[in-house]
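The following explanation leads from particular contacts to the overall build of the chains. The reader may wish to keep the sequence and the model side by side.

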Amino acid sequence: MVELRVRKYQTSVEEIWHEGGPTGERPLRRACALAVITNPFAGSYHADLLPFMEVLKPLGLDLARRLIAALGGDAKVVEGYGKGAIVGEAGEIEHGALWHAPGGYGMRELLGGAKAIVPSTKKLGGPGTRLDVPLTHINASYVRSHFDSMEVGIADAPRSSELLLALVMSTGPRIHARVGGLRADEIKGEDGLR
Amino acid sequence: MKSRIRKIVTFLEETLSEQGQPVDPPARRAAAVAVIENPYAGVYQQDLSILVDIGEELGQLLAERAVAALGIAGQQVESYGKAAAVGEAGELEHAAAILHPKLGTPFRKVLGKGAALIPSSKKRGGLGVVLDIPLGHKDAAYVRSHFDGMEVRINDAPRAKEIMVALAVTSCGRPLPRVGGLTKDQIQGLDGLR
């Protein structure tokens, strides 16, 4: 079994008070937790990638815990989530896809019953590559006020044989959300969509 | 508050290994960045005292945020730095007014001490501009292991009429320092230099 080797973590929190409109009573907060790990498959083709998904599960939990801690420690404040991966140049995009299950698992474990699919994105890139990680409501993907994204990246990662794995959470709608659509207080919560 | 803050972003970096060598305890750096309105955007203003006061206010607020992100007591912080990026309708002197006259005193108060000059950098730039915050030991500027820098970037700042103000603090020097010079256990702590 290949082991998990983390070179570094980065956590960042954005606290948004206004976007040109009125300053609200509470800010919108968006946070990301990133881990830079060794890509055990870098440089050659491996047919069987699945065992590494199990290895990544504790990291999914670890990053989700870091996120909730960065947002103040209470999982109940989390309303939106997303995930992403940047694969260093000696890897392939399929290696980034290994993050889908463990990343989603880690967040769902801690958020308790989040129903919506976790939106995601991934790409290949060098150190300093930026990734726009999509965010949607944790219980109903169609909640329009919560369609958002957070740009993440680390100046010195991913190196060629590394993976940069990202989880992102937000605490509410866009700061001046006003383009209609399904609202959070209208969620039925049956299918993860509405 | 004198500053009209649009957003505050905090960053925490934790490095666990470098070139395959473990970094134990992990090297931790944190930064807190405020995006504020520039009251003098687009005009030449001789008296910059409002910005000087904003610097004093942010010196405390951002120092508290950065130390909280680092998760240690202020007294345990080893190195520090500051930087600002002025949006295109401002001038470099606006960054200087925030950073230099009054920001240091409340920053040092949060850390309990800080005999050394706070290393700084400033620039003008557009959205997503990269700020490299220089870092130096807070009690003795010549401690070679603590000469470092931390990159911060916010994809949607600074707008033309905004200023980004950043403070950084660390729990240590570079991950695996080995280029000699003054070490932290040799600090005399009298003049802020050695």
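Two residues are said to be in contact when heavy atoms of theirs lie within 4.5 Å. The structure is a predicted model, and every value below was computed from it.

With that definition in hand, one may begin at Ser17(B), a residue of strand E1 of chain B. Which residues does Ser17(B) contact, leaving aside its neighbours within four places in sequence? Two of them belong to chain B, namely Pro22(B) and Val23(B), and the list also includes Val6(A) and Arg7(A) from chain A. The relative accessibility of Ser17(B) is 12%. Because residues under 20% relative accessible area are classed as buried, Ser17(B) falls in that class.

Arg7(A), one of the contacts of Ser17(B), leads into chain A. Side chains of opposite charge can pair when their charged atoms come close. Arg7(A) takes part in a salt bridge with Asp156(A), in which the closest N and O atoms are 3.3 Å apart. Arg7(A) sits in strand E1 of chain A, which covers residues 6-16, whereas Asp156(A) sits in the loop between strand E6 (148-152) and strand E7 (162-170), so this pair ties together parts that are 149 residues apart in sequence. The two partners may also be described by their accessibility. Arg7(A) counts as buried at 5% relative accessibility, while Asp156(A), with a relative accessible area of 30%, is partly exposed.

Arg7(A) also forms a salt bridge with Glu162(A), and here the closest N and O atoms are 2.6 Å apart. This pair again links distant parts of the chain, since Arg7(A) belongs to strand E1 of chain A and Glu162(A) to strand E7 of chain A, 155 residues apart. Is Glu162(A) buried or exposed? Its relative accessible area is 8%, so Glu162(A) is buried.

Chain B offers a further pair. Glu37(B) and Arg4(B) meet through their side chains in a salt bridge, with an N to O distance of 3.1 Å. Glu37(B) is part of strand E2 of chain B (residues 21-37), and Arg4(B) lies in the segment before strand E1 (5-18), so the salt bridge ties together parts that are 33 residues apart in sequence. Glu37(B) is partly exposed, at 43% relative accessibility, and Arg4(B) is likewise partly exposed, at 33%. Elsewhere, salt bridges that share partners join residues of both chains into one network. From chain A this network takes in Glu14(A), Glu19(A), Arg30(A) and Asp148(A); from chain B it takes in Arg6(B), Lys7(B), Asp156(B), Arg159(B) and Glu162(B). Over all chains, the structure holds 27 salt bridges.

From these pairs, the account turns to each chain as a whole. Chain A contains three helices and seven strands, which follow one another from the N terminus in the order β-β-α-β-α-α-β-β-β-β. How does the extent of chain A compare with that of a compact globule? For 194 residues such a globule would have a radius of gyration near 16 Å, and the 17 Å of chain A agrees with this. Along the principal axes, the C-alpha atoms of chain A fill a box of roughly 50 × 35 × 30 Å. Of its 194 residues, 52% count as buried. Among contacts in chain A with a separation of 6 or more, 76% are between residues 24 or more positions apart. The exposed area of chain A is about 8400 Å², and carbon and sulfur atoms supply 50% of it. Chain A carries 23 positive and 23 negative side chains, and the centres of these two sets lie 2 Å apart.

Chain B can be read in the same manner. Three helices and seven strands are found in chain B, and from the N terminus on they run β-β-α-β-α-α-β-β-β-β. The radius of gyration of chain B is 17 Å, close to the 16 Å given by the globule rule for 194 residues, so chain B is as compact as a globular protein of that length. The C-alpha trace of chain B spans about 50 × 35 × 25 Å along its principal axes. Buried residues account for 53% of the 194 residues in chain B. Of the contacts in chain B between residues at least 6 apart in sequence, 77% join residues at least 24 apart. Chain B exposes about 8400 Å², with 50% supplied by carbon and sulfur atoms. Its 24 positive and 22 negative charges have mean positions 0 Å apart.

Key
Residues are numbered from 1 along each chain as its sequence is written. Chains are lettered from A and ligands numbered from 1 in the order in which they are written. This is a predicted model: local features need pLDDT of at least 70, side-chain atom pairs count only at pLDDT 80 or more; totals for chains, interfaces and linings use all residues. Side-chain values use heavy atoms; hydrogens and water are left out. Helices (H or I, at least four residues) and strands (E, at least two) are DSSP runs, numbered from the N terminus. The radius of gyration is taken over C-alpha atoms; the globule rule is 2.2 Å times the number of residues to the power 0.38. Buried means under 20% relative accessible area, exposed over 50%, partly exposed in between (1.4 Å probe, protein chains only). Accessible areas come from the Shrake-Rupley method with a 1.4 Å probe; for residues, only the protein chains shown count as cover. Lys and Arg count as positive and Asp and Glu as negative; His and the chain ends are not counted. The place of a charge is taken as NZ of Lys, CZ of Arg, CG of Asp or CD of Glu. A salt bridge is a side-chain nitrogen of Lys or Arg within 4 Å of a carboxyl oxygen of Asp or Glu.
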